[in-house]
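Take a look at the fold below. This report walks through a few helix pairs and a few single residues.

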Amino acid sequence: MDRLLAAYRALRTAAPHGLPGALRAALTRHYAVHEVEFRLVDYAMDALRPVEGDASGDAGVVSARTGPAGRAFGSQRPFVEPLDGPAAADPSALLTAHLPVSVRGNAVGVLTVRVPRDRLAADVIAELGEIAEALGHAVAVADRDTDLYLRAGRTERLTLAAEMQWQLLPGRSVSRPEFDLGGHLEPAYAIRGDVFDWSTSAEHLTLTVINGMGEGIEAALLTNLAVNALRNARRAGLGLAEQAYLADQAVYGQYRGVAYVSALLLRFELATGLVTVIDAGSPRMWLRRRGRVELPPFDAQLPLGMFEDTEYRPERFRVEPGDRLFFLSDGVYDAASPAGERYEEKALARALSSTGLLPPGQVPRAVLEELARYRGGPSPEDDAMVVCLDWHG
């Protein structure tokens with residue numbers, strides 16, 4: 001336990017930009033580790049990029065979906081590479097262990113260490129896994145004071161609009177006993193008006209899926225106003241209808257109906273599964289229950305900011321343990337094939353069903369890959385956003 005506390009202390013006392021070096025020194029001293037590599041997943045969730053080194057190069061970059069490091073990242077479980085040949089019987093041979101780095105279910109990267117085989121017992125792997133999780137929390141705090149980790153996760157430069165949108169997001173995924181939740185946006189480096197937001201408390205999960213009209217900076221400014229207006233009302237303790245009303249007034253007051261925001265607002269009671277919903281525009285919710293995928297019929301209400309003094313009527317339904325919910329922007333269900341055919345409901349239902357065995361954190365990326373194949377290329381005309389929620393109850 002002393003060595004585990006020493007590693008924690010090294011992370012707690014390190015300078016924000018010095019976390020990798022401080023951790024490397026602690027692991028070398030207390031765990032006989034020979035090599036340490038810390039990689040962060042990029043915005044597109046395609047690659048794991050080393051934190052240290054040339055952020056603009058490809059040295060040390062590995063796949064986030066294949067290979068040993070990708071396996072640990074995807075499964076969110078430690079993976080130790082097996083030894084082959086004579087080295088398999090050598091107690092001093094170095095084993096390579098890949099440990100997922102996450103923050104409350106939000107997968108951010110992988111910590112890779114090389115340790116002598118005779119020093120890598122099961123309890124050591126468990127401790128290293130705890131240290132990797134502590135590293136994720138340390139990075140989340142350090143992000144306030146350094147750009148090192150944000151830069152390391154970028155395969156290419158973000159557009160200014162994408163920079164603004166990514167700063168709005170609460171994360172890519174979150175896990176609690178009652179639910180698992182994950183979301184993703186494409187194109188990751190040039191998104192415009194789509195965004196999602198969530199917040200949890202002891203009693204509720206509040207989830208918002210937004211599609212702001214327009215392109216570029218104008219779309220990002222519009223979405224930022226709407227999201228922050230909703231957060232302001234939510235943090236004041238107001239109900240879902242009041243949140244929608246005040247955000248509607250904020251957007252209308254600024255744009256006078258020339259620009260508006262489509263939104264789907266939901267509030268889940270964690271103890272009962274009762275969900276309050278306001279459908280204010282184009283984002284849609286699909287429900288997979290007992291193997292069937294369907295589109296629940298909500299009353300379509302006016303987008304936020306289209307008219308002055310719009311009143312919003314909440315609806316209610318109940319989720320059941322085992323339900324999987326998908327929230328999609330129009331960039332998904334309105335996408336067209338090279339022949340001009342829309343991404344029909346049957347094709348979408350097939351894509352949602354085929355991801356049934358994946359955890360919610362991986363589902364959005366898988367659905368968007370299927371969409372890219374249908375579209376015939378990786379460059380969509382509109383933002384595409386997928387959010388996936390598994391309800392455990």
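Start with a rule for helix pairs: an angle under 35 degrees between two axes counts as roughly parallel. Keep in mind that this is a predicted model.

**Two helix pairs**

Helix α1 covers residues 2–13, and helix α4 covers residues 122–142. They pack at an angle of about 15°, with their axes 10 Å apart. The two helices are therefore roughly parallel to each other. Their crossing is right-handed. From α1, the contact uses Arg3, Leu4, Ala7, Tyr8 and Leu11. On the α4 side, the contact residues include Asp123, Val124, Glu127, Glu130 and Ile131. Ala134, Leu135 and Ala138 of α4 also take part. Sorted by class, the contact of α1 with α4 has 9 nonpolar residues, 4 charged ones and no polar ones.

Look at the spacing along a helix. An α-helix has 3.6 residues a turn, so residues three or four places apart point the same way.

The second pair is α7 (residues 216–235) and α8 (residues 240–255). Here the angle is about 145°, and the axes lie 8 Å apart. The crossing of α7 and α8 is right-handed. Among the α7 residues that meet α8 are Glu218, Leu221, Leu222, Leu225 and Ala226. Their partners in α8 include Gln243, Ala244, Leu246, Ala247 and Ala250. The contact of α7 with α8 divides into 13 nonpolar, 2 polar and 2 charged residues.

**Three residues side by side**

Now move from helices to single residues.

| Residue | Place | Relative accessibility | State |
|---|---|---|---|
| Histidine 98 | strand β5 (residues 94–103) | 5% | buried |
| Alanine 26 | helix α2 (residues 19–31) | 8% | buried |
| Arginine 284 | strand β13 | 30% | partly exposed |

**Histidine 98**

Which side chains join histidine 98 in polar contacts? Glutamate 81 is one of them, at 2.7 Å. Threonine 112 is another, at 2.9 Å. Histidine 98 is buried because its relative accessible area is 5%, and buried means under 20%. Leaving aside neighbours within four places in sequence, histidine 98 is in contact with residues including Pro68, Ala69, Ala72, Arg77, Pro78 and Phe79. Val110 and Leu111 are also among its contacts.

**Alanine 26**

Alanine 26 sits in helix α2. Not counting residues up to four places away in sequence, alanine 26 touches Ala7, Ala10 and Tyr31. How far is alanine 26 from glycine 171 in space, C-alpha to C-alpha? The two are 29 Å apart, and 145 residues separate them in sequence.

**Arginine 284 and helix α10**

Arginine 284 counts as partly exposed, at 30% relative accessibility. Its C-alpha lies 7.9 Å from that of leucine 295, which is 11 residues away in sequence. Arginine 284 touches Leu295, and also Leu264, Phe326, Phe327, Leu328 and Tyr333, if residues up to four places away are not counted.

Strand β13 (284–289) returns in the last stop, helix α10. This helix spans residues 345–354. Which residues of α10 are buried? They are Ala347, Leu348, Ala349, Ala351 and Leu352. The cover over these buried residues includes β13, β14 (292–294) and β16 (324–328). Helices α9 (330–333) and α11 (363–375) are also part of that cover.

Notes
Residues numbered from 1 in each chain as written. Predicted model: local features only at pLDDT ≥ 70, side-chain atom pairs only at ≥ 80, totals over all residues. Heavy atoms only, no water. Axes fitted to C-alpha atoms, helices over the stretch in contact; angles between N-to-C directions. Helix = DSSP H or I, 4+ residues; strand = E, 2+ residues; numbered from the N terminus. Parallel < 35°, antiparallel > 145°, perpendicular 65-115°, else oblique. Left-handed = near helix turned anticlockwise from the far one by under 90°. Contact = heavy atoms within 4.5 Å. Nonpolar A, V, L, I, M, F, W, Y, C, P; charged D, E, K, R; others polar. Buried < 20%, exposed > 50% of the residue type's maximum accessible area, 1.4 Å probe, protein only. Polar contact = N/O pair within 3.5 Å; in protein donor to acceptor, adjacent residues only side chain to side chain.
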